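Reader: I am new to this structure and would like a close look at a single part of it. Please take one helix, say what lies on each of its sides, and then follow the surroundings outward from there.

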Amino acid sequence: MTQQHKDYYYAVPNSVTYTYYLDDEVTDSSDYRELLQMLFNAGEDDVVRIVISNYGGSLSTCVAIVNGIRSCRATTVGVLTSVAYSAAGAIWLACEGQEVHNHVGFMSHDGQGGTFGSMFQQKQHIEHSMTILRSLYEDVYKHFLSPEEIDTVLKNGDLWLTEKEIIGRLEKRKELFESEYEEKQQAEYEAMMLEFEGDDLPEEILKKLNKTQLIAYIRGNVDVKVEENGSFTIIEINDSDE
């Protein structure tokens with residue numbers, strides 16, 4: 001009797017898409033341990049989608065989630081399905097990418113709340129909270145709100161945006177961030193070229209490298225293999241190769 005050969009196929013996932021629904025009031029940070037754990041543990045090939053329909057809430061929890069998003073290795077996407085008010089709007093904008101659905105709204109304000117203690121203690125608490133709030137807003141609202149608008153919001157001037165206004169600001173924000181990146185890369189390139197004295201690479205090959213390749217080469221992140229026919233190949237250098 002002839003034994004039949006069997007093939008076994010194993011599927012190994014290369015990435016995972018996580019989805020978290022932020023659709024209730026932003027409460028104590030202890031209520032978001034699962035979200036923070038997800039953000040801290042997701043890999044660089046993963047995607048974390050935070051679906052937002054939320055009226056806002058706790059400033060301290062908002063800061064914790066924003067910091068979790070900032071430290072996340074995965075691609076983070078804020079999905080605006082209804083409203084993103086106050087803390088929820090800050091969380092949405094902290095994500096690496098923003099998705100906007102129809103008929104949505106955004107609102108920013110200086111927050112609400114109170115404290116106990118002496119008049120001086122209350123004053124200290126308010127000043128402390130406003131310092132944190134300004135730092136947060138100047139971070140997550142950069143190029144979405146102007147510095148003047150941030151000042152107005154912090155002086156109790158609520159700002160409301162509709163779907164069309166949100167999309168327009170996101171497009172402008174993208175252009176400004178890209179322009180900043182290009183300026184930074186150009187400045188870095190010029191500074192490196194002032195110190196770069198050349199090496200074994202022929203000048204004609206150096207001229208063929210684009211700005212990004214040349215910066216990576218000078219930093220030692222890539223090597224350039226030159227063929228006999230004058231062509232070249234960019235080879236990425238990993239720590240394990242050293």
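Author: On the face of helix α1 that is turned away from its buried side sit the exposed residues R33 and E34. The model is a predicted one, and in it the buried residues of α1, which covers residues 33–41, are L35, L36, M38 and L39. Seen down the axis of α1, these buried residues fall within an arc of 155°, so they line one face of the helix. The background to such a pattern is that an α-helix has 3.6 residues a turn, so residues three or four places apart point the same way.

What lies over that buried face can be named as well: the cover of the buried residues of α1 includes β1 (17–22), β2, α2 and β3. Two of these neighbours, β2 and β3, pair with each other in the parallel sense over seven bridges, and within this region V51 stands opposite V79 of β3. Strand β3 is itself largely enclosed by the rest of the structure, because eight of its eleven residues are buried.

From β3 one can go on to the aromatic rings, of which a search of the whole structure finds seven pairs. One of them is formed by Y55 and Y85, with 5.4 Å from centre to centre and 70° between the planes, an edge-to-face arrangement. This pair links distant parts of the chain, since Y55 belongs to the loop between β2 (47–54) and α2 (59–71), whereas Y85 belongs to strand β3 (residues 75–85), 30 residues apart. The two partners differ in how they are covered: Y55 counts as exposed because its relative accessibility is 64%, over the cut-off of 50%, while Y85 is buried because its relative accessible area is 14%, under the cut-off of 20%.

A further pair is made by W92 and F106, whose ring centres are 6.3 Å apart and whose planes stand at 50°, so that the pair is tilted. Here too distant parts of the chain are linked, with W92 in helix α3 (residues 87–94) and F106 in strand β5 (residues 105–108), 14 residues apart. W92 counts as buried at 0% relative accessibility, and F106 is likewise buried, with a relative accessible area of 0%. Ring pairs join W92 and F106 with Y137, Y141 and F144 into a cluster.

Y137 leads on to helix α4, where the buried residues are S129, L133, L136, Y137 and V140. These cover an arc of only 95° around the axis, and therefore they lie on the same side of α4. The face of α4 turned away from this buried side carries the exposed residues F120, H128 and T131. As for its length, the 22 residues of α4 (residues 119–140) should span 32 Å at 1.5 Å a residue, and the end C-alpha atoms are 31 Å apart, which agrees.

To set these parts in the whole, the protein chain has eight helices and eight strands, and buried residues make up 33% of its 242 residues. Among the contacts between residues at least 6 apart in sequence, 64% join residues at least 24 apart. The accessible surface of the chain comes to about 16200 Å², and 48% of this belongs to carbon and sulfur atoms.

Definitions and conventions
Residues are numbered from 1 along each chain as its sequence is written. This is a predicted model: local features need pLDDT of at least 70, side-chain atom pairs count only at pLDDT 80 or more; totals for chains, interfaces and linings use all residues. Side-chain values use heavy atoms; hydrogens and water are left out. Helices (H or I, at least four residues) and strands (E, at least two) are DSSP runs, numbered from the N terminus. The expected span of a helix is 1.5 Å times one less than its number of residues. Buried means under 20% relative accessible area, exposed over 50%, partly exposed in between (1.4 Å probe, protein chains only). The arc is that of the directions from the helix axis to the C-beta atoms. Contact means heavy atoms within 4.5 Å. Accessible areas come from the Shrake-Rupley method with a 1.4 Å probe; for residues, only the protein chains shown count as cover. Rings of Phe, Tyr and Trp (its six-membered ring) pair if their centres lie within 6.5 Å; planes under 30 degrees apart count as stacked, over 60 as edge-to-face and the rest as tilted. Two strands pair if DSSP finds at least two bridges between them.
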